Structure formats: structure tokens, C-alpha cells
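Reader: I'd like to learn how to read a few features off a model like this one. Can you walk me through them?

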Amino acid sequence: MQSKIRNFCIIAHIDHGKSTLADRLLEHTGTLTQREMTDQVLDSMDLERERGITIKMQAVRLAYQAQDGEEYILNLIDTPGHVDFSYEVSRSLAACEGALLVIDASQGVEAQTLANLYLALENDLEIIPVINKIDLPGADPERIKEQLAEIGLDPADAILASAKTGVGIEEILEAVVEKVPEPTGDLNAPLQALIFDSEYDSYRGVLAYIRVIQGQVKVDDQITFMATQKEFAVDGLGVFRPKLIPVDSLKAGEVGCLISGVKNVKDVRVGDTLTLVDNPATKPLPGYRRAVPMVFSGLYPVENDVYGDLREALEKLQLNDAALEFEPESSVALGFGFRCGFLGLLHMDIIQERLEREYGLDIITTAPSVRYRVRKTDGEELTVDNPALLPKPQEIEAVYEPYVRGSIIVPQDFVGPVMELAQDKRGVFITMEYLDSSRVRLLYDLPLGEIIMDFFDKLKSRTKGYASFDYHYDGYRESAMVKLDILVNNRPVDALSSIVHQDKAYNRGRELAKKLREIIPRQLFEVPIQATIGNKIIARETISAMRKDVLAKCYGGDISRKRKLLEKQREGKRRMKSLGNVDIPQEAFMAVLKSDE
Amino acid sequence: MSRNIGLYIHIPICRSKCYYCDFSSYPLNRFTEKDLDLYVLALEYELKHLASLGLASTELTSVYIGGGTPALIDPARLVLIMESVVRYFTLANSCELTIELNPSNCTPNLLRGLQKAGFNRYSLGVQSFNDPALLQLGRAHTGEEARAAAQFLRQEVSNLSLDLIYGLPNDSLARWQADLEEVLVLQPDHISLYSLQVEEGTPLARQVAAGLVEQVDDDLQASLWEWTCDRLYPTDYEHYEISNWALPGKESRHNLGYWLYTPYYGVGAGAAGFLGGQRYRNSSDPWFYTELMRKGKFTAKFPAAEEVERISKEQQVIGQIILALRTNRGLNTERIVGISAAEFWRRYGQKITEYCAMGLMWRNQQIVGLTETGMALSNRIFLTFMP
């Protein structure tokens with residue numbers, strides 16, 4: 001049985017055609033007819049499709065009649081493609097034995113191609129290089145093959161394909177059958193199944209996506225999650241083709257989903273190991289890590305009376321998102337809201353957009369912060385993830401901030417600018433190594449707080465998009481951090497406070513005041529903006545008073561039209577937060593995030 | 001003053017479309033002579049119908065024929081239109097009869113025809129005397145033609161209004177000063193000075209979107225406005241509405257009707273009216289309008305309307321406040337229909353006191369109004385009164 005199973009995933013640099021290739025594999029194996037295909041089936045959420053990234057993974061079972069006359073079950077496991085979700089990526093890779101490495105035939109090997117390749121190699125996956133988009137005029141497969149050799153892959157293995165025209169699809173499926181190793185788990189050993197994703201479904205509760213490593217699981221089995229120690233009965237098992245088809249059991253080597261009485265995704269943690277209550281495995285599978293939020297920001301409804309709606313929406317999103325955390329907080333400037341914890345900035349953006357799009361809420365997001373540890377002079381220790389709550393300078397003995405070990409893969413021409421950027425972000429250089437004749441991997445220890453600002457954007461702009469960036473959490477270090485406050489019209493706005501390194505505080509203060517001057521529209525009166533540290537004013541800008549806002553003409557007495565224009569204007573005003581007579585647009589609260597250069 | 005009842009008749013025909021205009025108009029060459037005759041007939045039908053509704057008095061204090069370029073349809077047709085008006089309506093004593101004119105066809109011949117039709121007030125769309133500015137606006141006449149038309153009318157008529165625009169792309173104070181000084185030399189009875197607004201869907205809006213022209217910044221707009229107010233302040237012209245100045249007694253009665261929340265009939269394609277607590281706007285396509293009207297008998301109250309809106313009590317209150325605040329007479333808080341003075345002050349007193357302190361509003365017992373500084377920021381102030 002296992003000899004007829006192949007578990008694989010597709011990894012690629014963004015835009016190299018991963019999703020289209022997945023579509024084509026489904027179509028070619030008859031898993032879906034062309035008519036059933038919505039484009040790029042695997043990315044099921046609108047948001048994902050729009051952003052061209054994959055957030056949720058799925059596992060699709062393809063039935064393939066190979067040239068040897070045998071029918072094989074190919075499980076295609078989709079992987080998310082962003083640094084915020086790198087842990088999820090690593091777990092879904094762990095569920096596979098092989099990976100298709102898709103490379104654009106004209107663009108060639110890119111930084112993200114390499115980053116993904118290394119991740120796959122760390123998980124001992126068999127790599128099948130696919131040179132995609134060979135139908136395009138700029139395609140240069142020979143050059144790409146040379147690049148493959150440079151990064152240690154055998155160019156002879158490469159398959160030339162076009163997911164668009166269908167060229168090479170059959171060869172890819174054959175290669176999966178021939179080259180990806182069959183799963184090896186012992187069918188009779190105690191059950192060990194890896195949870196590589198989970199999803200909340202309002203009818204069925206939590207669906208756990210699992211890869212059975214050894215043993216087997218059947219409907220009605222009593223199971224336990226080894227990390228959470230919770231026990232449940234198996235209500236159902238299924239495989240995706242791509243619709244959910246019920247099955248009676250999943251055996252070693254198989255991939256599918258499990259439905260139990262679990263109502264909360266937090267009980268089904270990605271990376272956790274599932275085993276049987278009766279005959280448990282002695283130890284869990286390696287590599288489990290709890291998803292910990294790294295980035296925190298306040299989410300506030302623009303209109304305070306929908307606070308309850310916001311809570312409900314967050315609760316619903318949390319059902320499907322184990323990494324999302326939130327607790328109530330309040331701000332003088334913004335009223336009642338929630339302090340939320342996210343895996344990273346993209347995760348934060350996604351949550352914010354889903355709240356606005358799916359729940360129709362107008363949200364103000366305050367600038368993200370990391371979680372600092374503070375030791376006070378009186379010996380008390382506390383954690384601070386809301387800048388407004390940092391104690392007064394005289395009460396602080398020491399502040400510790402989270403660091404990450406960051407790995408940057410970049411063409412060597414950009415090493416200079418990248419090092420400069422890392423230095424600017426208070427990075428500590430660790431090593432540099434050549435990966436091939438033109439590409440370098442740089443290791444830096446960086447404060448997470450600097451990374452969540454705009455590190456990734458800047459890295460991309462300085463390297464023309466050629467750099468890839470990966471990081472993992474690396475503990476706390478003491479840093480000289482201070483609180484930077486902003487006063488608008490002489491009143492402190494707590495939601496605009498941020499915690500910054502003292503060496504950077506002056507520049508940040510000036511930059512921020514200037515930025516706010518641009519973002520906050522002119523009011524009927526002059527508005528001063530000040531940046532302060534403690535009681536010291538370090539920057540001041542002034543928004544001059546508005547002088548003209550008038551509808552001059554009234555065409556032929558069309559008063560209704562005039563009224564509509566005013567109503568539109570009023571709507572715009574409503575979306576702003578009024579603080580002491582000053583209308584502050586939502587993006588002002590995010591301005592703290594970005595710095596100019 | 002007796003209660004105003006106005007009538008607006010729209011002639012949606014132009015020789016060419018100006019870049020900034022988003023009012024309904026179509027090129028003359030798309031109309032056959034028969035189209036024009038049928039349009040005039042359609043106006044008659046609509047006039048007759050509206051007069052029969054009994055929603056407002058049929059004694060008119062003002063008639064305003066606007067466009068478009070109404071004079072393009074031949075003075076004889078305008079005579080016919082005015083004959084239709086008096087067939088169903090009565091003209092009050094000293095009824096103001098205005099027609100809009102364009103400098104490109106202001107001939108003695110035309111004027112004789114218009115005088116025969118009974119017009120006693122002439123509103124000339126000069127826009128500018130400056131050739132590059134006219135070119136930029138897409139106007140079909142030169143500065144010299146505008147000058148000649150204005151001078152000619154000044155000699156011939158006793159109630160002349162000139163329209164000008166400022167704040168054009170790349171505008172300068174000097175350009176605007178030259179224009180306004182020329183206006184003052186001509187001594188019109190009434191002056192409308194509009195700051196250019198880029199309206200959605202106009203060629204100008206497309207030019208701006210394509211980056212071909214750059215709008216002037218708010219500060220220059222404001223400077224032009226301030227200079228205009230300062231320049232006209234010591235003259236005999238009274239700044240009686242945000243964009244309008246007039247010699248004493250020469251305010252446009254018709255336009256004042258809009259600000260004073262009095263009813264008006266709107267007739268013709270694209271025209272807007274306000275009758276019996278409802279605002280309506282007619283379909284803007286003149287051929288479609290003609291088709292709708294040609295039956296002569298109607299079941300709907302506003303048979304040509306593509307939009308009818310019943311004004312709610314709340315909207316009525318807001319409307320009265322906002323429109324009155326556009327004028328220099330201001331708002332008499334004791335005369336707002338639908339809200340008592342006490343309630344008004346309870347709701348807005350604090351804000352008005354604030355605006356007064358900021359020099360944006362004035363208050364004279366129960367009457368409040370906008371200062372010239374306040375007028376420039378009127379949209380912001382109006383928002384205060386909106387729910």
C-alpha cells in the first residue's frame with residue numbers, strides 16, 4: 001500500500017507559477033475537470049488570491065495512473081509562502097517526502113527559491129527541479145540549468161514545463177512517482193500523526209490536517225494530542241479530492257483530515273503529535289513549537305459603539321487562527337479596543353483586512369510593538385507590549401527586548417547595502433557564506449522591534465526584490481530603550497507612543513512629527529505636533545490652519561447634489577478619530593510604523 | 001420681501017463642451033431643426049403639467065434660462081418658450097428674467113431678439129479675458145471676444161452679470177488680478193466669481209488624473225479668494241453669497257431663492273426643481289426628455305425626473321441652515337422651519353460660539369452668519385450641522 005503513496009509539495013519564489021502548476025496537476029489527474037476549476041484552486045481565500053500569497057495550507061489527493069500501469073495516490077500538500085508563517089511551512093514540509101522546486105525559466109533562481117530549497121533539504125526532501133514558463137519568449141532553460149548546478153542540484157533531473165500550456169505535466173507526475181520516496185512508517189507501530197494545519201468549520205468543528213507517520217487511526221478511536229494532553233473521539237476521517245471524501249481509516253504514509261469533537265483550534269496545534277489513548281506512542285514527533293505571537297498592536301473600532309462586534313469578530317477569527325491572541329485594553333485617545341498578538345506584520349495586516357472586509361468593521365490599528373521585559377528599580381519585573389504602559393524612566397532599571405537570528409540570502413552585488421541596512425537596524429553581524437558563485441547568506445542577530453518596523457520593505461527595495469529573509473526567535477537582550485511620546489495640539493496621544501532605542505529617538509521623533517504633519521489634514525486652526533521623551537520636547541512641527549474648503553457653484557439649483565458632496569465629505573471625516581477637536585485619520589496611527597529614508 | 005417663486009429652464013446645448021463643465025449639455029450639431037422645435041414643445045408640455053400640479057404659486061418672481069448656451073437655439077424659439085411660460089404662469093411685477101449668454105455669439109441681432117422675448121437680466125459667461133486661461137478651460141472664444149461682448153452688453157442692457165473663474169491650473173495672482181480689474185472697469189451690476197472645481201467625469205478631471213495639468217494648491221486658492229474679497233470690499237459690490245457680489249438691489253433674485261429655501265420649478269432636460277417638499281432632477285438626455293414629454297399627459301408628478309427625493313424633516317432643517325449660511329444675510333435662527341431657536345442653540349450654540357471666537361462666524365442676536373474667512377471654509381462649518 002505505502003509503495004503506491006507519494007507525499008509532496010511545491011515550493012517556489014513568488015510568481016514563479018506554483019499555484020498554476022497545482023491547478024494543472026489537479027486537472028491532469030482528473031481530480032477536477034477544467035470546468036470545475038476556479039483558477040488556482042488551492043488558494044481558497046479571496047484575500048490570498050488577491051495578495052498572491054498562500055495563507056492556509058491544504059492537502060489534495062490526486063489519483064494518478066502511472067506509465068508502469070499502476071495507480072498511485074499523490075498527496076499534494078500546499079505550503080504558505082511568507083516569513084511570518086515559516087513555522088507552518090516547516091511543518092507541512094515535514095509531512096512530505098519530496099518537493100517540486102519550481103523556477104521561472106526566464107527569471108531563474110531567486111533568493112526565495114534558495115530559502116525554500118534549504119528548508120526542504122533540512123527536512124530531507126527529495127527535490128525535483130521544474131523549470132516553468134518555458135513557453136514565454138524570455139525563457140532560457142539552459143541558463144537555468146547552469147544555475148541549478150551551482151546550487152548543488154543535478155540539471156539532468158530538471159523538467160521543462162509550462163503550467164500554462166500543460167507541457168511537462170505528465171513528466172512531473174512521473175517524476176513524483178519515480179523519485180519521491182515512498183513513505184516508510186510501520187503500520188503496526190503505535191500511532192504517530194503530525195498535525196500540519198488546522199481549520200475551523202462552523203458545521204464540523206475543527207478539522208486537523210494530519211500526516212500519519214506510523215500506525216493508523218480509525219473512526220471512533222480515542223485519540224490524544226500529545227502537547228495539549230486533551231483526549232477526543234474520532235468522529236470522522238477524510239481526504240480531499242479536492243472536496244472532502246470520508247474514509248474509515250488513515251494509515252501510515254497517508255495524508256488527510258481528522259474531525260473530532262474539538263471546538264477550538266487552540267487544542268489542535270500545528271506541529272503537535274496525535275496518538276491513540278489505548279496504545280500511545282512513547283514520544284511525540286520532533287519539531288513541535290508552540291506558535292507564539294511576536295508582534296502586538298491595539299485594534300480599535302473607529303466608532304466605539306461597535307466594540308462588542310469587534311470582540312465577536314476577533315473570537316470568530318480566533319476559531320480558525322491559533323496564533324491570534326487578544327485581550328481588552330483601553331486608550332485615552334481611542335477608547336476601548338483590544339491588544340492583539342500576531343505572528344508578524346503580514347499576519348496583522350491579514351487580520352485587519354479580514355475584520356474590515358468580512359465583518360464590515362472600521363478599524364484603527366496602532367503601531368505594532370514587540371513584547372519588552374522591564375525590570376523596575378523596585379525589583380518588580382513586567383512585560384510591556386503596549387508602549388503607553390512603559391513605566392517612567394526613573395522607575396526603570398533595565399529594559400530587555402526580543403532578538404532574532406536572521407538569515408538573508410542575497411546576490412553578492414547587494415551585500416553592501418544589506419549590511420548597511422542591518423547595521424542601521426542595530427543588527428549584530430554573525431557570519432557570511434557563499435552559497436554559489438553569485439549568492440551569499442548573511443547571518444545577523446537583530447532586534448525584533450526593528451524588523452517589524454519596515455525591515456522587510458527596505459530589504460526588498462535595497463536589493464530590487466532579490467533578497468530573501470528568514471528569522472527565528474533568539475531570546476531577550478538588554479537594550480537602552482526609551483518611550484517616545486507624541487503630542488497633538490498640546491495633548492499627548494497615547495496611541496501614537498512608541499518604544500525606541502535611545503540612539504534613534506531623536507531621528508524618530510523628528511521623522512514622526514514630520515510624517516504626522518503630512519498625514520493629519522489641515523484643521524480650522526493651527527495644530528502643533530510635538531515629539532517628546534520624558535518631559536523633553538525633541539521635535540516640533542506645525543500644521544497650518546486650513547484656509548479654503550468651499551463648494552463654489554451650484555449648477556442650476558441642484559441642491560441635492562451639493563448635499564451629497566457634503567455627505568461624502570462627512571463620511572470621510574467620520575473615518576477619522578476626533579481628538580480634542582483635531583481629526584486624525586486612521587493611517588496616522590500606523591505612521592509610527594514606517595520611517596522615511 | 002415677497003416670497004420668491006423661481007422657474008429654471010435648461011437648454012442643454014453648446015457649440016462645444018468646456019473642459020471643466022459637468023452640467024448637462026450636448027453639441028449643437030447633434031440637433032436637427034426638428035429636434036429643437038420638439039424640445040421647445042416638450043418644455044411647453046412640462047410647464048403646463050407643473051403649473052397644473054398646484055404644488056407652488058404660479059406667480060413667478062424670477063425666470064432663469066440657463067444652459068448650455070441657450071441663445072444657440074435661435075431667439076425666435078426663446079420667444080416661443082417665454083410665450084409658453086406666460087401661458088401657464090403669471091409673472092410678478094418686476095419679475096427677474098435672466099438668460100445666460102456666451103461671448104461667442106453676442107450680436108446686436110441676438111440681443112434684439114432676446115429683448116423682444118422679454119429678458120431683463122443678462123448673465124455673460126466671460127470666465128476670463130486671458131487667452132491662455134480660456135484655452136485651458138476649453139472655452140470657444142478669445143479674451144478679445146469676451147471683452148467686446150461685455151462692453152457691448154454694458155452699453156445696451158441695464159442689468160448685467162459677469163461670470164468668471166479663478167484658481168485654474170497654473171493660475172497666478174497676477175493673472176486673476178488683471179481679470180478682475182477688467183471686470184471692475186466694465187461696472188457690471190452683478191459678478192459671480194467661482195473658484196474652479198474639478199468635477200468627476202469632466203475632461204479637466206481626466207487631464208488632472210493623467211498628470212497633464214496640476215491643480216493649484218489650496219494656499220493659492222485661498223490667497224486668490226482673500227485678495228478678491230479684499231479688493232471688492234471697499235467697492236459698492238456687496239458680497240451677498242459665497243461666490244456672488246452685486247450692486248445694491250442687483251442681487252440675483254433667482255439664485256437668492258435657492259439660498260432662502262424657497263420653491264422653484266425646474267424645466268427641461270437636466271433641470272433640477274424643488275416643489276412641495278420634494279427635490280427632483282430631470283433626465284439629462286434632451287432626446288429622451290423630449291420623448292418622455294411628447295405625450296403631453298402624465299401620471300407621474302415629475303414625469304421627466306430620474307431622481308425624486310422627498311426632503312425629510314431633518315434634511316429640511318439642515319438645508320435651511322446650510323443654504324442660508326451661504327448668504328451674507330445669514331441665518332435667522334427664529335425662522336427655521338422645523339426647529340425652534342432654543343433647540344437650535346442647544347444643539348449648535350457651543351460650536352457657533354467657538355467659530356465666532358475663531359473669526360469664522362458672526363452673531364447678531366438671533367442671526368448668525370459666516371465671515372468671509374468662514375465662507376472660505378464653509379464646507380467644514382456645514383459639516384457641523386449635519387447629523
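Author: Sure, and keep in mind that this is a predicted model. Let's start with a charge pair: the side chains of A:Lys18 and A:Asp78 meet in a salt bridge, at 3.7 Å from N to O.

Reader: What's the general idea behind such a pair?

Author: Side chains of opposite charge can pair when their charged atoms come close.

Reader: Which parts of chain A does the pair of A:Lys18 and A:Asp78 tie together?

Author: A:Lys18 sits in helix α1 (residues 18–28) of chain A, while A:Asp78 is in the loop between β3 (71–77) and α3 (86–94) of that chain, so the salt bridge links parts 60 residues apart in sequence.

Reader: How many salt bridges does the structure hold over all chains?

Author: Over all chains, 57. Across the interface of chain B and chain A, the rule finds 10. One of the salt bridges to look at joins B:Glu199 and A:Arg561, whose closest N and O atoms are 3.0 Å apart.

Reader: Which helix gives the most to the side of chain B that touches chain A?

Author: That's helix α8 (residues 218–232) of chain B, with seven residues. As for the make-up of that side of chain B, its residues divide into 26 nonpolar, eight polar and 15 charged.

Reader: How much area do chain B and chain A bury between them?

Author: About 3,600 Å², with 52% of it on carbon and sulfur atoms. In chain B, the residues that lose the most area to chain A are B:Asn379, B:Arg380 and B:Leu383, which together make up 18% of what that side buries. By residue count, the contact takes 49 from chain B and 31 from chain A. There are also 19 residue pairs in polar contact between the two chains, counting pairs with both residues at pLDDT 80 or more.

Reader: Now helix packing. How do I read that?

Author: Two packed helices are described by the angle between their axes and the distance between the axes. Take helix α2 (residues 75–88) and helix α3 (residues 108–117), both of chain B: their axes come within 9 Å and cross at roughly 10°. Angles under 35 degrees count as roughly parallel, and α2(B) and α3(B) are therefore roughly parallel to each other.

Reader: Which residues make the contact of α2(B) with α3(B)?

Author: From α2(B), B:Pro75, B:Leu78, B:Val79 and B:Met82; from α3(B), B:Leu110, B:Gly113, B:Leu114 and B:Ala117. They divide into seven nonpolar, one polar and no charged.

Reader: And backbone oddities?

Author: Most residues other than glycine have a negative phi, and most peptide bonds are trans. Here the peptide bond from B:Gly67 to B:Gly68 is cis, with omega near 20°. B:Gly68 lies in the loop between β4 (59–67) and α2 of chain B.

Methods:
Residues numbered from 1 in each chain as written. Chains lettered and ligands numbered in written order. Predicted model: local features only at pLDDT ≥ 70, side-chain atom pairs only at ≥ 80, totals over all residues. Heavy atoms only, no water. Axes fitted to C-alpha atoms, helices over the stretch in contact; angles between N-to-C directions. Helix = DSSP H or I, 4+ residues; strand = E, 2+ residues; numbered from the N terminus. Parallel < 35°, antiparallel > 145°, perpendicular 65-115°, else oblique. Contact = heavy atoms within 4.5 Å. Nonpolar A, V, L, I, M, F, W, Y, C, P; charged D, E, K, R; others polar. Buried area = accessible area lost by both parts, 1.4 Å probe. Salt bridge = Lys/Arg side-chain N within 4 Å of Asp/Glu carboxyl O. Polar contact = N/O pair within 3.5 Å; in protein donor to acceptor, adjacent residues only side chain to side chain.
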